[in-house]
Amino acid sequence: MKVAVVAVLVWLVAASSYAGQARGGRGAQPPGPSVTVNGQTWTQQSLFQRNVGGPDDMTTPFPPHKIIGNIYYVGTKSLAVFLVVTPAGNILINSTYERNVPIIQKSIEQLGFKFSDTKILLGSHAHGDHQEADAMVKQMTGAQVMAMAEDVPALQAIKPGGKEHPIDRILHDGEAITLGGTTLVAHLTPGHTRGCTTWVMRTQEGGKSYDVMFSCSLRPPGVLTPSVVDELNHSFKVVHALPCDVPLGDHGAQYSMQEKFAKVRPGGPNPFIDPAGCAVEPDIQEAMFHAILAEQRAAAPVK
Ligand SMILES: [Zn+2]
């Protein structure tokens with residue numbers, strides 16, 4: 001009983017610091033407007049809770065698994081980390097929190113790969129729950145850290161224990177990274193952060209090619225400035241136009257990771273192949289974006 005209470009308290013503290021950070025450091029906010037998409041109703045608060053999951057989900061291992069082709073899941077229950085395996089070494093997407101690095105390392109080893117083979121470290125966006133551990137991963141593996149130019153200032157402000165945030169290569173919208181025959185293209189999809197990056201690559205399975213989209217969060221901040229409005233309008237257009245057979249996200253909940261994983265059967269269809277699912281998360285976030293914007297405009301009508 002006592003343990004459960006403590007766990008919930010820890011979770012509340014973690015959740016509120018995550019929320020504060022995700023909203024740009026502002027304090028507690030009202031739940032905001034609600035939207036109904038595909039029969040499900042969401043508020044800003046419930047979307048945030050969905051991403052974080054239950055108590056401790058951000059720091060609890062999830063079974064590492066193959067997603068498709070040369071792409072594997074090595075993250076926690078609610079923070080997604082992806083491993084792209086190539087003959088020339090591996091690419092890791094998202095380092096999450098420093099306290100999760102042992103989980104990531106163990107997950108990679110459980111799949112039969114080596115953490116020390118990580119050659120490139122990429123990220124979805126400059127928030128601590130996705131990229132706090134970049135310096136630690138680089139120290140442990142020697143990986144080259146690559147980041148979208150627009151996220152560099154925010155990344156440089158993430159300094160766990162005073163460590164400088166490493167950035168070995170600065171990327172721009174549309175730039176490609178190739179390692180061992182795999183090419184990932186970085187698409188700038190800002191709004192949640194200035195440099196939020198949607199990564200796209202092709203992979204092969206069962207003699208077919210599939211477009212995989214590692215989405216960046218499209219969750220709007222609580223207050224929409226004119227520049228964030230422009231950024232999100234741009235980003236929704238971009239993500240709807242990108243080729244996509246396999247939608248992934250920076251939180252597993254953005255692509256129903258746990259539900260899909262539960263459907264994996266040896267020799268069965270791959271539940272992660274879900275072209276119809278590619279629009280689900282953008283549609284929810286776009287509806288929320290318009291609802292927040294409408295509420296904000298009603299509160300302060302443009303003269
Ligand atoms: Zn974020």
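A residue counts as buried here if 20 or more other C-beta atoms lie within 10 Å of its own, as exposed if 12 or fewer do, and as partly exposed in between, with C-beta atoms placed from the backbone.

**Figure 1. The whole protein chain, with nine helices and 14 strands.** This is a predicted model, where local features need pLDDT of at least 70, side-chain atom pairs count only at pLDDT 80 or more, and totals for chains, interfaces and linings use all residues. Residues are numbered from 1 along each chain as its sequence is written. Helices (H or I, at least four residues) and strands (E, at least two) are DSSP runs, numbered from the N terminus. Of the 303 residues in the protein chain, 42% are buried. Take the contacts with a separation of 6 or more: 66% of them link residues 24 or more positions apart. A contact here means two C-beta atoms, placed from the backbone, within 7 Å.

**Figure 2. Strand 7 (residues 118-122) and what surrounds it.** Four of the five residues of this strand are buried, so the rest of the structure largely encloses it. Strand 6 (residues 89-93) runs parallel to strand 7, and four bridges join the two; strands pair if DSSP finds at least two bridges between them. Look for I91, which stands opposite I120 in strand 7. To get from strand 6 to strand 7, the chain passes through helix 3 (residues 101-110) in a right-handed β-α-β crossover. Right-handed means that, with the strands pointing away from the viewer, the path from the first strand over the helix to the second runs clockwise. Strand 7 also pairs with strand 8 (residues 144-148), again in the parallel sense, over two bridges. Here L121 sits opposite V145 in strand 8.

**Figure 3. S116, in the loop between helix 3 and strand 7.** S116 has 14 C-beta neighbours inside 10 Å, so it counts as partly exposed. Its C-alpha atom is 9.0 Å from that of N90, although the two residues are 26 apart along the chain.

**Figure 4. An open sheet of five strands in the order 10-11-12-13-14.** Pairing in this sheet is mixed. Strand 10 (176-179) and strand 14 (246-248) are the edge strands, each pairing on one side only. From one strand to the next, the twist averages 20 degrees; axes are lines fitted to C-alpha atoms, for helices over the stretch in contact, and angles run from 0 to 180 degrees between N-to-C directions.

**Figure 5. Strand 13 (residues 208-214) alongside strand 14.** These two strands run parallel and are joined by three bridges. M213 has P247 in strand 14 as its bridge partner.
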